[in-house]
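I opened the notebook with the model on screen. These entries follow the order in which I looked things up.

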Amino acid sequence: WFAADLARLGGLQEAAELLAAKSDWPRLYDRERLRNTKVPVAAAMYYDDMYVERRFSEETAELLGPRCRVWVTNEFQHSGIRDDGRRVLDTLIRMARDEVG
């Protein structure tokens with residue numbers, strides 16, 4: 001449906017439908033490797049993101065454990081980096097360095 005709604009995707013509709021119908025995708029990531037990571041992580045969670053369900057972001061952050069700092073905001077949609085990349089990245093870097101609460 002998405003390809004049909006966006007004329008710019010034109011000839012990609014058939015490919016999009018084939019990909020959407022595929023059901024044997026491999027796991028995207030290894031949950032056990034991510035569980036309670038020792039690496040500092042900072043993530044932007046866009047509260048009303050139109051592409052990512054918030055509960056999936058919350059579940060991932062919980063899986064990563066206490067080293068994962070999450071900036072929950074509704075100031076941006078899925079395009080936060082494009083809209084104000086400097087602010088988003090500066091905020092996330094400061095969070096990863098424990099420079100902000």
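**Strand pairing.** I began with V41, which stands opposite C68 in β2. The model is predicted, and I read every entry here with that in mind. I then followed the pairing along both strands. Six bridges join β1 to β2. The two strands run parallel.

**Crossover.** Next I traced how the chain gets from one strand to the other. It leaves β1, passes through α4 and arrives at β2. I noted the hand of this β-α-β crossover as right-handed.

**Element order.** I stepped back to list the elements. I have five helices and two strands in the protein. From the N terminus on, I wrote the order down as α-α-α-β-α-β-α.

**Pocket.** Where does the lining of the largest pocket come from? I looked up the volume before answering, and it is about 210 Å³. The elements that give two or more residues to the lining are β1 (41-46), α4 (54-64) and β2 (68-73). These are the elements I had just traced in the crossover. I took the lining residues next. There are 16 of them, and A44, M45, Y46, V52 and S57 lie nearest the centre of the pocket. I sorted the lining by character: ten residues are nonpolar, three are polar and three are charged.

**Positive phi, N36.** I checked backbone angles in residues other than glycine. N36 has a positive phi, near 50°. I located N36 in the loop between α3 (31-34) and β1. Is N36 buried, partly exposed or exposed? Its relative accessible area is 41%, so I entered N36 as partly exposed.

**Positive phi, D98.** D98, also not a glycine, has a positive phi near 60°. I found D98 in the segment after α5 (80-96). Relative accessibility is 55% here, so D98 goes down as exposed.

**Whole chain.** I closed with two totals. How much of the protein counts as buried? The figure is 20% of the 101 residues. For contacts, I took pairs of residues at least 6 apart in sequence. Of these contacts, 67% join residues at least 24 apart.

**Last look.** I went back to the strands once more. V41 in its place opposite C68 belongs with the parallel pairing of β1 and β2 in my notes. I filed the right-handed crossover through α4 beside that entry.

Technical notes
Residues are numbered from 1 along each chain as its sequence is written. This is a predicted model: local features need pLDDT of at least 70, side-chain atom pairs count only at pLDDT 80 or more; totals for chains, interfaces and linings use all residues. Side-chain values use heavy atoms; hydrogens and water are left out. On a 1 Å grid over the protein atoms alone, a cavity is a set of points where a 1.4 Å probe fits but cannot get out, and a pocket is an open set with protein on both sides within 12 Å along at least five of seven lines; lining residues have an atom within 4 Å of a point. Grid points are joined across faces, edges and corners, and a volume is the space filled by probe spheres set on the points. Helices (H or I, at least four residues) and strands (E, at least two) are DSSP runs, numbered from the N terminus. Ala, Val, Leu, Ile, Met, Phe, Trp, Tyr, Cys and Pro count as nonpolar, Asp, Glu, Lys and Arg as charged, and the others, Gly among them, as polar. Buried means under 20% relative accessible area, exposed over 50%, partly exposed in between (1.4 Å probe, protein chains only). Two strands pair if DSSP finds at least two bridges between them. A crossover is right-handed if, with the strands pointing away from the viewer, the path from the first strand over the helix to the second runs clockwise. Contact means heavy atoms within 4.5 Å.
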